[in-house]
Structure formats: structure tokens, C-alpha cells
Amino acid sequence: MEITASHPLALPVGVTLDRYIMHRQTAFPYATGELSQLLRDIALAGKIIHREVNRAGLIDLTGGMGVQNVQGESQQKLDMIANIRFSRALKNGGEACAIISEEDEDIIFTGNNNGKYVVAIDPLDGSSNIDVNVSIGTIFSIYRRVTAIGTEPSLADFLQGGRRQVAAGYILYGSSTIMVYTTGHSANGFTYDASLGEFILSHPDIHSPADGQTYSCNDGNLDSYEAGVREYLTICRQKEYTARYIGSLVADFHRNLLKGGIYLYPPTKKSPTGKLRLLYEAFPLAFLAEKAGCLATSGHQAILDIKPTSLHQRTPLFIGAPVMVENLMGHLG
Ligand code: FBP
């Protein structure tokens, strides 16, 4: 059998996440490899969750735990599994001195007080979709601590503000599993090849379209949206834009990032300050979005300029193609 240049066997395997991280690290002479290792620890936990999500129906990992998390939401079994897996990977990795998670009320101290970083994480986003085989994801945000290395980390390490993130991203468990992240320069996506056990660079240097024709919001909340949001959505419909709402923020965000679009979760009667959490949903996606040329706002200010005051505070979120977000802002007071 002749292996021509276009034959699949002739194609290079591609750039693995590990190799990409090492390559990027050489760009920073002062880099010590701790952030690189932390990203690897997150990727490792992502591979394990990929496996658990794929076989959830076979190993009784679907359904609720019968308990509520700090958000007052019923905790799904996979929420708990993902939370344990990420916490364990970060503890064993040794680079993170503390974690906050959507599933835990308080700061999780890893015991690695010599760790330079803290991590804010939504272990499994899109909980309402877990049992019905719809895409779900993990969202993470990393800060260099402000407290002294060797001491016990504190709240101050987590309330630094979105522009102080040193890395942020998500892992989407969808038709394929993809990890998309930034360390403050470009946004890159790595698709998981389970046969190799490797994340492979598949979406280098993502630049999102400046405009789009897709809007993502829970239409069921329409009546409780403020007038300006309803005005904007009416114009989207008049322009025959496409409504797409998966109900998993990571999945809706990923589609809009690649194809152009806007995701809206405005204040509602049920969630007057917005539903989404600032530290481990809005900040990381806003940090990534801005590196890909998108905008993210609360309706009053850029998400990354919000001064955080508590671990699980919520915010309205409008994020996506800059032209669409600016048009929306034109309708908000
Ligand atoms: P969690 O599942 O992590 O709590 O995230 C919140 C979320 O599920 C987002 O993923 C999603 O976009 C939104 O809430 C869906 O909310 P609603 O069901 O109110 O439309």
C-alpha cells in the first residue's frame, strides 16, 4: 500500500498539549514550569471526566445525589465526581495552594502552602443537561496568589479581579472533548484523542468573527428581562437571526466563539443579580473571549472590570461577537 502525502498515516500526529505548553514556556525566560504543570493537572482531570461522562449511563453515574450544593441546586452525581476529581488532581499536582469550586461553600485548602497559584473552578457546567447526553463542560480560572508563599492562602487570593487571571479556559465534553484556554496571549483549542490519551492542537490562535447571527438565551425568561434586552431580542428576530440555546454555558459559548454569536443571561425575576457566577463562570470566559476578539459585559461594565466581593457572587452576562454586544449595549440604559 503506497502512503501518499495526503494519506492519513502520512499526516503528523499533531502538537500535543504537553508539547505546546513546553513550547510556550520557552517564550518566558523567568517561567519555572509551575503554571505549565497546573495546566497539565487540569487536563488530566479533564481526561478522567471525559471517561466518566461517556460511560455515566453504564456505571450509575446519572441522576442526583439527593443533596443541594451551595447554590441551592440539586447536586448531580457527576457534579460531585467532577468536583472530587479536579480537587484531587490539583491537590496531588502540588501547584495550587487553594481552590474554590461551584460545589463547595468555602475555600478548599490543598495543603500545598508553597503552591504559587489558586484555582477557581466550575467542575461541571450545564448540570441540567448531564442526564440527557447534551454537551456539558468544566470552566477554570487561575491566579498567582497575593499572599506570601508558605503561608495559608486567603480570600484575597481569589478576589483579585478578572484582569489578574494568569490563565483561564474550559473543557467541553461534547461530540468530541476539547480544551480551550489562554495564558493571556492567544486562545487555543486542543481536541482530545482518547486513542492516544492526548489533547492535540486543533484550533490554534482562535479569532472569533466580529459579528454573528445567532443569539443564545432562555426564551422562557423573556418577560422578566429588562426592556432594552427585549428590544434587542426583537430586532434579532426581525433580522431572522437564529436562536440557539443548549442550556450549557460552555457549549453555547463555544459555538458562538467559533461561529459568531451572543450569549445572554440577563437579570431575571428569579435571579435579579443574574444567574451565573462571577469567579468561575463569567471571569474565565470573559478573559478567554477578549483574547479571541469578543466582548463580555454585565450590561453596565466590562465583566473583567467588576470588583469581586464574595466567592459565589453572581453577575448578569452578555458575551460574544463585539458588534452584537455593542448593538445590545445600545439598547441598555
Ligand atoms: P451550572 O449548571 O454550572 O449551575 O451553570 C449554570 C447554567 O447551567 C449554565 O450552564 C447555563 O447556560 C444556564 O445555567 C442555564 O440556566 P437556565 O436553565 O436558567 O436557562
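**Entry 1. Conventions**

Helices are DSSP runs of H or I with at least four residues, strands are DSSP runs of E with at least two, and both are numbered from the N terminus. I am working with a predicted model, in which local features need pLDDT of at least 70 and side-chain atom pairs count only at pLDDT 80 or more, while totals for chains, interfaces and linings use all residues. Residues are numbered from 1 along each chain as its sequence is written, and side-chain values use heavy atoms, with hydrogens and water left out.

**Entry 2. Backbone at two aspartates**

I began with aspartate 60, which sits in the loop between α2 and β1 (64-68). Its phi is positive, about 55°, although aspartate 60 is not a glycine. Is aspartate 60 buried or exposed? Aspartate 60 is exposed, at a relative accessible area of 55%; the classes are buried for under 20%, exposed for over 50% and partly exposed in between, with a 1.4 Å probe and protein chains only.

I then turned to aspartate 205, in the loop between β10 (198-203) and β11 (214-216). Here too I noted a residue that is not a glycine with a positive phi, about 45°. Aspartate 205 is partly exposed, with 41% relative accessible area.

**Entry 3. Cysteines**

How many disulfides does a search of the whole structure find? The search returns zero, a disulfide being a pair of cysteine sulfur atoms within 2.5 Å. I checked two cysteines individually. For cysteine 217, the closest cysteine sulfur is that of cysteine 236, at 8.4 Å, which is too far for a bond. Cysteine 217 is buried, at 7% relative accessibility. For cysteine 294, the closest cysteine sulfur again belongs to cysteine 236, at 15 Å, also too far for a bond. Cysteine 294 is buried as well, with a relative accessible area of 4%.

**Entry 4. Ligand shell**

I next listed the residues around the ligand. There are 18 of them, and Asp125, Tyr245, Leu249, Tyr263 and Tyr265 come nearest; a residue is near if one of its heavy atoms lies within 4 Å of the molecule or strand concerned. By class, I find six nonpolar, five polar and seven charged residues in this shell. In that scheme Ala, Val, Leu, Ile, Met, Phe, Trp, Tyr, Cys and Pro are nonpolar, Asp, Glu, Lys and Arg are charged, and the others, Gly among them, are polar.

Which domains supply the shell? Domain 1 (12-203) and domain 2 (214-329) each give at least three residues, the bounds coming from an automatic or database domain assignment.

**Entry 5. Polar atoms at the ligand**

I looked for polar protein atoms beside the oxygen atoms of the ligand. A polar backbone atom of leucine 249 is 2.7 Å from one ligand oxygen atom. Tyrosine 263 places a polar side-chain atom 2.8 Å from an oxygen atom of the ligand. In arginine 277, a polar side-chain atom is 3.0 Å from a ligand oxygen atom. On its own the ligand has 470 Å² of accessible area, of which the protein covers 89%; such areas come from the Shrake-Rupley method with a 1.4 Å probe, and for residues only the protein chains shown count as cover. Two or more shell residues come from each of β5 (117-125), β13 (262-265) and β14 (276-277). The largest share, three residues, is that of β5.

I also examined leucine 276, which belongs to strand β14. Leucine 276 is buried, at 5% relative accessibility. Its C-alpha atom is 7.6 Å from that of tyrosine 265, eleven residues apart along the chain.

**Entry 6. Helix α5**

Why do I record helix α5 (residues 249-259) as largely enclosed by the rest of the structure? The reason is that nine of its eleven residues are buried. Among the buried residues of α5 are Leu249, Phe253 and Arg255. Histidine 254 also lies in α5 and is buried, at 10% relative accessible area. The side chain of histidine 254 makes a polar contact of 2.6 Å with that of tyrosine 170. A polar contact is a pair of N or O atoms within 3.5 Å; within protein, one must be able to donate a hydrogen and the other to accept it, and residues adjacent in sequence count only if both atoms are side-chain atoms. After α5 comes glycine 260, with a positive phi near 90°.

**Entry 7. Glutamate 52**

My last look-up was glutamate 52, in helix α2 (residues 34-54). Glutamate 52 is buried, with 5% relative accessible area. I also took the C-alpha separation between glutamate 52 and tyrosine 280, which are 228 residues apart along the chain, and it is 22 Å.
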